[in-house]
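Here is a quick tour of a protein model, meant to be read with the structure open beside you. Grab a viewer and follow along.

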Amino acid sequence: MDIRQNHRDTTKAQKNAFIDAVLLLKNNVDSVLRPGQQSRYDDFVQIHKNSMGRGNPLTPNPHRSPLFFPWHRVLIRQFEVALQVAANNPGITLPYWNWQITGPDNPFTSSFMGGNGDNTQDQRVTSGPFSSEHSQFNVVVWDEGTGNPGVRRNLGAQETLPSAEAVISALNRTPYWQATDQAGWENSAERELHNPVHAWIGGSMAEASSPNDPIFFLHHCYLDLLWERWKHQHPNIPSFPSDEMSGSILVFHPANEPAPWMQTYTVQQTLFTEELDYRYEDI
Ligand SMILES: [Cu+2]
């Protein structure tokens with residue numbers, strides 16, 4: 001059983017192992033979707049770009065939808081397993097970031113996720129392991145255009161990070177989903193917690209190809225934890241809108257493209273992290 005931790009609580013060695021695995025997936029593992037043209041890391045960018053209705057759109061779109069949490073759960077779990085395989089190290093797990101930027105909570109350091117983008121270089125990140133200054137991290141799948149713009153960030157230029165109160169307020173919302181007034185847990189979490197963080201980081205994270213910035217996975221890992229916390233807080237509320245929907249298979253590739261991985265997942269198969277062989281250290 002893999003155990004996911006707050007990045008703040010991981011050791012230097014764990015952080016380095018995670019970073020090294022990301023670099024291996026980016027530079028040493030070939031793509032399944034476009035072999036020879038991009039890396040396995042880039043497959044995750046492509047899947048997410050499609051999921052946002054860009055590139056070769058996925059139907060249904062798992063954003064602004066009850067599918068948001070189940071779909072991203074599978075995406076980041078597959079990424080985590082791909083890291084373990086790339087590094088030949090089953091001990092690697094996804095760390096999460098709780099959207100705080102003070103002291104040890106701050107992931108944007110030169111020794112971990114790298115700092116802000118340089119405003120004289122189109123917001124390109126120039127410090128840390130994902131900068132061309134320190135390693136190779138080519139960006140090859142993006143919303144539009146060609147070339148390698150590098151990972152881009154514009155921290156704090158738009159929106160604010162969710163406060164602890166905003167997190168508590170979202171966790172208090174029921175039911176899971178509300179189509180009419182959009183005031184359910186999923187609606188609030190996606191709109192009030194998920195979206196502002198993408199916008200606050202800006203640059204690569206503000207695009208459909210947002211997994212180009214590895215911070216994407218730490219952000220979504222925390223959202224995935226919060227879904228667990230919401231379930232624990234509301235044990236008598238159904239985890240998903242309907243039984244019919246729970247049986248539907250999550251879509252990760254358009255019909256005319258290869259599947260990114262062998263397994264298929266119904267929504268129901270994503271509702272318990274233990275069944276996907278991971279859990280959180282604290283809920
Ligand atoms: Cu997404």
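## Starting at Asp 20

Let's begin with Asp 20, which sits in helix 1. Keep in mind that this is a predicted model. Asp 20 has 17 C-beta neighbours inside 10 Å, so it counts as partly exposed. For exposed, the limit is 12 or fewer, and for buried it is 20 or more.

For a feel of the distances here, jump from Asp 20 to Ala 179: the two are 159 residues apart in sequence and 42 Å apart in space, C-alpha to C-alpha.

## The nonpolar core

In soluble globular proteins, nonpolar side chains tend to be buried together. In this model, the largest nonpolar core has 66 residues. If you want to find the ones with the most contacts inside that core, color Ala 21, Leu 25, Leu 83, Cys 221, Tyr 222 and Leu 250. Several helices chip in: helix 1 (12–27), helix 2 (40–51), helix 3 (68–87), helix 5 (185–201) and helix 6 (215–233) each give this core at least two residues.

Tyr 222 deserves a click of its own. Leaving aside residues up to four places away in sequence, Tyr 222 touches Tyr 96, Trp 97, Asn 98 and Trp 99.

## Helix 2 against helix 3

Two packed helices are described by the angle between their axes and the distance between the axes. For helix 2 and helix 3, the angle is about 175 degrees and the axes are 11 Å apart. An angle over 145 degrees counts as roughly antiparallel, and therefore helix 2 and helix 3 get that label.

Which residues of helix 2 and helix 3 meet? On the helix 2 side they are Arg 40, Phe 44, Ile 47 and His 48, and on the helix 3 side Leu 75, Phe 79 and Ala 82. Sorted by type, the residues of this contact come out as five nonpolar, one polar and one charged.

## Helix 3 against helix 6

Helix 3 also packs on helix 6, at an angle of about 130 degrees and with the axes 10 Å apart. That angle makes helix 3 oblique to helix 6. The crossing of this pair is left-handed.

From helix 3, the contact uses Phe 69, His 72, Arg 73, Ile 76 and Phe 79. Facing them from helix 6 are Phe 217, His 220, Cys 221, Leu 223, Asp 224 and Trp 227. By type, the contact of helix 3 with helix 6 holds seven nonpolar, two polar and two charged residues. Phe 79 is worth a second look: it appears in the contact with helix 2 and again in the contact with helix 6.

## Helix 4 against helix 5

Next up is the pairing of helix 4 with helix 5, where the angle is about 160 degrees and the axes are 9 Å apart. That makes helix 4 roughly antiparallel to helix 5, and the crossing is right-handed.

Helix 4 brings Ala 166, Val 167 and Ala 170 to the contact, while helix 5 brings Trp 185, Ser 188, Ala 189, Glu 192 and Leu 193. The tally for these residues is six nonpolar, one polar and one charged.

## Backbone oddities

Most residues other than glycine have a negative phi, and most peptide bonds are trans. Where does this backbone have a cis peptide bond? One joins Thr 59 and Pro 60, with omega at about 0 degrees, and Pro 60 is in the loop between helix 2 and helix 3. Another joins Thr 174 and Pro 175, with omega at about -5 degrees. You'll find Pro 175 in the loop between helix 4 (164–171) and helix 5.

Then there's phi. Trp 99 has a positive phi of about 70 degrees although it isn't a glycine. Trp 99 is in the loop between helix 3 and strand 2. Is Trp 99 buried or exposed? It is buried, with 22 other C-beta atoms within 10 Å. Asp 122 has a positive phi too, near 55 degrees, but Asp 122 is exposed, with 12 other C-beta atoms within 10 Å.

## The loop between strand 2 and strand 3

Asp 122 lies in the loop between strand 2 and strand 3. Thr 120 is in the loop between strand 2 (117–118) and strand 3 (124–125) as well. Thr 120 is exposed, with 8 other C-beta atoms within 10 Å. Measuring from C-alpha to C-alpha in your viewer, you should find Thr 120 and Gln 5 to be 35 Å apart in space, with their positions 115 residues apart in sequence.

Note on methods:
Residues are numbered from 1 along each chain as its sequence is written. This is a predicted model: local features need pLDDT of at least 70, side-chain atom pairs count only at pLDDT 80 or more; totals for chains, interfaces and linings use all residues. A nonpolar core is a set of buried Ala, Val, Leu, Ile, Met, Phe, Trp, Tyr and Cys residues joined through C-beta atoms within 7 Å. Helices (H or I, at least four residues) and strands (E, at least two) are DSSP runs, numbered from the N terminus. Two residues are in contact if their C-beta atoms, placed from the backbone, lie within 7 Å. Axes are lines fitted to C-alpha atoms, for helices over the stretch in contact, and angles run from 0 to 180 degrees between N-to-C directions. Angles under 35 degrees count as roughly parallel, over 145 as roughly antiparallel, 65 to 115 as roughly perpendicular and the rest as oblique. Ala, Val, Leu, Ile, Met, Phe, Trp, Tyr, Cys and Pro count as nonpolar, Asp, Glu, Lys and Arg as charged, and the others, Gly among them, as polar. A crossing is left-handed if the near helix is turned anticlockwise from the far one by less than a right angle, and right-handed if clockwise.
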